[in-house]
Each structure stands twice: as structure tokens, then as C-alpha cells.
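Reader: I am new to this structure and would like a close look at a single part of it. Please take the sheet of one chain and what lies against it.

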Amino acid sequence: MKMNRADSRRFSDTISSAGSMTLFLLFAVCCLIIIAAAASAYSRISSNYEDTFNSAAAVRYVTNKLRACQSAEIAGENVIILSDEGYKTVIYEKDGTIYERLVPDGREVSAEDGEAVFRADGYTVTDCGSGLVSISAEGDGGRVFTAYCRIPEGGVSG
Amino acid sequence: MNESENRRPLGIGAGYLSIMMIFVVLCMTMLAALSYSSASAENRYSRRSGEYTQEYYAADLEAKRVLAEIDGIASDYSDYSDFMFLAELDGLENVGYTAIPGGTEIYWQTPINDRQSISSAVRYSGNGYTVTEWKTVSAYEPESKPLNVWSGE
Amino acid sequence: MKNQIKQAGQGIRLNLFFVEMIIVLLFFSIASAVILRSFAGSDRLARESRRIEDMAFLAQSAAEIYSGTADLSETAEMLTDTDHICEYDPDEHEITVYMDNDVTGKMVETSDEYGGGSLKTLHISFMDGSGETLYELDTGAYIPERTVADGE
């Protein structure tokens, strides 16, 4: 009888311990799931942030440069040459990075040795005719930012 | 029997749960703070960019309205150096002009915001006008005083 | 006697675990509620930024195309080329653009006559499902009556 009581106590202890262990494991798993969900939300928001401050900002930067120059021309694939008094600015793309280079008038203009200004994948400059150019860049999440801009040609008649 | 009773009981010791909770809550708080700061910086930038786009096109439209007014005046004249034409231009606010051979160059600035404005210029000669400038410029005047730097002498 | 104390100790240890579990769960649920609210706020801000950006880029594209062409049908055509769903109504001089996130863009053209030509104005506005205006801008194009260029 005494043995039976001890056995049943041991059995109930084992059950309680197993129950507490299961609860602990359940809590640990829930914690992991919650941390994973939080990390995924953070990575999504961070990717949006990267897109905004790289690809979207790059498109805005180039359109603002186009608006602020005297005249502009597309010289080759994804290369824009902006002309102002006394100097030219070359904006070009190489390996997913946008570079900018200032060249004084009279020097040879080439799309090399520029300073990296933005990282933007899939950066394209397309001449759409009618004095319009389309500038687009792709974000990390596959989001594409496209903006049209007029090319100042230094003389529109009316 | 004694041996079985001396066995260490199964189960989780006190404190482990609390430590785990503190770690998880700290992790989540850090991620939440980073997310919020990123999202709010992005939101501020997007709003500011959106507002700038609105300001730019409002100024662009205003500059075109000035052009329409100038062209409205010019349509009554065939000689763009005519004294009366220039006198009418004087009536327009913030519009300046310069006489050029065979016509007049007219220029004006339209503020985009307190830092930038659109600088426009049109040249009237022959039978119509040519836009010679339509670009954003900084609203600040460049300092005429040169920077005090070593010039190599 | 010794055994009884040991058994009582085991019971206390188990009870302590459950008491701790309850307290931890209580604190954890309160902390999680606050943190989840913060995540939801961040997510809402990020979605709002994305929406503002999409609207600003589309408005800029439409404004630039219209400024260059002064033609509503060409504007609609070029916007359709950039994967936007556009409807052009020539009678109402209006373009409707359907965007993601339940946002609809409306572009309405008006014209003012000046002595030397006409100033066409395009009012671009974006509304959500409830009809609230989210973003708007005005652009224009001046069309002179004289079409003769002076050859410069």
C-alpha cells in the first residue's frame, strides 16, 4: 500500500514535470515565432527604407539635376550629359551604382572616374521623344520607380 | 527506494522563464524601435519629396502664367523693341527685360519655396519667342567675397 | 520526515514554476501588446510612405508628359505604357488612373484664354476609397497661337 502511494506520487511528479517542460517548450517556440515575425516585419520596413533612400532618391536626384541645368543630352546607354555655364556634368550607371562627374568646358567628357552617388539596380534612361526622357530604377524588393522629365534643350520656340 | 527518491526531479527551475521573457521583450523592443525610426524617417522624406513636387509644379504653372501674360502683351506688337511694349512689360511684377539686336529678352523668377526658384527667360525676335532658360536655381545669391584659401602663391 | 520535506520541496518547486509562468505570461502579453502596436504603427507609416511615393511619381510623370505634349490623350497613352490602368474620357477632358491600394487618380484639364494663346491647366488629384483627397498638384502648358518659330 505504501509502495503504491509512493509510485503514484512519483507518477504525478513525472506528469507535472513533463507538463511544465511542455509549457516551457511551448513558450520558447512562441517566443521564437514572435521574434521571427518581428524580424520579418523589420526587414520589410527596412527594405522599403532602402528603396526610398536609394532607388527613389536616385530618380529624384537625376530629375532635379535635369530641371536645374541649361541643356541636357542622352549620350549612350544610361548616360546623361548636363551642360551649364563653364562645366558639364556626366551622370552614368555602372554595375548598379550611379556615378556623377563634373567636367570643365573644353575637357574630354567620358563616363568614367565619377563619384558614386547612389546605389540603384535596374537604372535606365530612355528617350521617349517629344523632349521627354524616362528615368527608372528598381528597388531591392522589385519595386520600380519611374519618372518622366523634360530635357532642357536650351531653346523652345513659340 | 531511497535511490529513486534522491533522483533530481524533472522540471524547469525558477527564473529561466523570466530570463527568456526579458531577452525576447528586449529583442522585440529593439526591432520595434528600429522599425519605427526607419518608417518615420521614410515617411518624413516621402512627404517632403511629395510636397516639393507640388511646390515645383505650382511654381512651373505660375511661370507659364507669366509667360502667357507676356505673350498676350506681345501679340499686339510686331516690333518687340517698341517703347509701348516695354512700357507694358514694366507693369508686370518681377519681370525684367534687356534689349537685344532685333528684339527683347524678357526674364523673370518664380519662387518654388524659400530656397529655390524657377528662372525663366524668353527671347522675342522675328515672329515669336524662344524660351532661352527654364531651370531651377538657388534662391541664395552667391557670395561675391572670395573664400580665404591659399592660391598657391 | 526527511522524505516528506523533500516531497514538499518538489511541490513548491512545481508551484513556483506555475506562478512564474503566470507572471511571465502576464508581463509578456502586456509588453507584446505595446510592441505590436508599435509594429503596426511602423507598418502603417511605411505603407503610407509607399502610397505617397507612388502618387508623387505618377503625378510628376503625368505633369511632365502633359507639359511637354499639352495633349491629354497622349498623356493617357504614355501613362498606360508605364503599366498604369488609365481611362481617357475626351468629352469630360479627364483621365482616370487606377492604382494599387484602392487609390484612384483623376486628371482634369481646363483651359484659360490669353491674348497670345491658351494656358491649359491639368489638375491631378488622388483619392482613396472613401473619396478623401490624398495628394494633388496642378500643372500646365502654354500653347501660343502663333506657330511660327523664329529659327533659333
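Author: What follows describes the sheet of chain C, the helices against it and the contact between chains B and C.

This is a predicted model, in which local features need pLDDT of at least 70, side-chain atom pairs count only at pLDDT 80 or more, and totals for chains, interfaces and linings use all residues. Residues are numbered from 1 along each chain as its sequence is written, while chains are lettered from A and ligands numbered from 1 in the order in which they are written.

In chain C, 5 strands make an open sheet, ordered β1-β2-β3-β4-β5, with antiparallel pairing. Strands here are DSSP runs of E of at least two residues, and helices are runs of H or I of at least four, both numbered from the N terminus. Two strands count as paired if DSSP finds at least two bridges between them. At the edges of the sheet are β1 (85-89) and β5 (133-144) of chain C, each of which pairs on one side only. From one strand to the next, the twist averages 20 degrees.

Within this sheet, β3 (residues 104-114) and β4 (residues 117-127) of chain C are joined by 11 bridges in the antiparallel sense. One residue to look for is C:G105, whose bridge partner in β4(C) is C:F126. Strands of a sheet pair through backbone hydrogen bonds, either parallel or antiparallel.

A helix of chain C itself, α2 (residues 72-81), packs on the sheet and touches β1, β2 (94-98) and β3 of chain C. The direction of this helix makes about 165 degrees with that of β1(C). Such angles run from 0 to 180 degrees between N-to-C directions, with axes fitted as lines to C-alpha atoms, for helices over the stretch in contact.

A helix from another chain also meets these strands: α2(B) lies across β3, β4 and β5 of chain C and runs at about 25 degrees to β5(C).

Taking the two chains as a whole, 44 residues of chain B are in contact with 46 residues of chain C. Contact means that the C-beta atoms of two residues, placed from the backbone, lie within 7 Å. On the side of chain B that touches chain C, α2 (16-74) and β4 (128-138) of chain B each supply at least two residues. The most comes from α2(B), with 32 residues. By type, the residues on that side of chain B are 17 nonpolar, 18 polar and 9 charged. Here Ala, Val, Leu, Ile, Met, Phe, Trp, Tyr, Cys and Pro count as nonpolar, Asp, Glu, Lys and Arg as charged, and the others, Gly among them, as polar.
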